[in-house]
Amino acid sequence: MRRTASCVITTALTAGITTSILLIPAGFASAASDPGGKAVGIAADSIAATCKNHGKNYVVRKYYRGPKFYTLRCGTKTWGWKHIKARHGWNTSMDKKISAAIWSGEPNGRGGFSTYTNSCPKIEKFRTIIGTPAGKNDLLTAYKVDQTRAAAAAKC
């Protein structure tokens, strides 16, 4: 029985993908964002269930800035995912804003990255702060910046 080249390639690719999927730890596949910076949304219920079964240092999400990444851990009421969910809310939009701020935002002087309006004066819209008791590259918090206070502070 003779196999065509395309059949051999298809078989090899399928085997490689299957092997890759099997090597990803359970629960981790949904926690990683793509290296292109595009946010891959995670439902709050999914992270809540994960954090219920793991400790505060468990990584539930990675955000990339070029080849470097920053982690979001389950955390506590004062830092990490539990803090963000309780104080600022968690949904797909929050996840995407964090990803955008880290991927393409500007350093904000708080160890994190922020996004700004494209206006003069530019106004900070969203802020992340990096650095937790668990690690210097961990997300402490992320939140929408109060526009009225920010607008009064800067002039062109």
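1. The buried residues of helix α2 pack against β1 and α3, where helices (H or I, at least four residues) and strands (E, at least two) are DSSP runs numbered from the N terminus. These buried residues are Ala44, Ile47, Thr50 and Cys51, buried meaning under 20% relative accessible area, exposed over 50% and partly exposed in between, with a 1.4 Å probe and protein chains only. Seen down the axis of α2, they fall within an arc of 130°, so they line one face of the helix; the arc is that of the directions from the helix axis to the C-beta atoms. The exposed residues Asp45 and Lys52 are carried on the face of α2 turned away from its buried side.

2. The model is a predicted one, in which local features need pLDDT of at least 70 and side-chain atom pairs count only at pLDDT 80 or more, while totals for chains, interfaces and linings use all residues. Residues are numbered from 1 along each chain as its sequence is written, and side-chain values use heavy atoms, with hydrogens and water left out.

3. A search of the whole structure finds one disulfide, that is, a pair of cysteine sulfur atoms within 2.5 Å. Cys51 and Cys74 form this bond, with their sulfur atoms 2.1 Å apart. Cys51 lies in α2 (residues 44-52) and Cys74 in the loop between β2 (68-73) and α3 (80-88), so the pair ties together parts that are 23 residues apart in sequence. The torsion about the S-S bond of Cys51 and Cys74 is about -95°, so the disulfide is left-handed, and both Cys51 and Cys74 are buried.

4. The largest nonpolar core (buried Ala, Val, Leu, Ile, Met, Phe, Trp, Tyr and Cys residues joined through side-chain atoms within 4.5 Å) has 20 residues, of which Leu72, Trp81, Ile84, Trp90, Ile98, Ile102 and Leu139 touch the most other members. Helix α4 gives this core its largest share, four residues. Leaving aside neighbours within four places in sequence, Ile84 has contacts (heavy atoms within 4.5 Å) that include Leu72, Trp90, Ile98 and Leu139.

5. Seven of the nine residues of β5 are buried, so this strand is largely enclosed by the rest of the structure. Strand β4 (residues 113-116) pairs with β5 in the antiparallel sense over three bridges, pairing requiring that DSSP finds at least two bridges between two strands. Six bridges join β5 to β6, which run antiparallel, and these two strands form a hairpin with two residues between them. Phe126 in β5 stands opposite Thr115 and also opposite Lys144 in β6.
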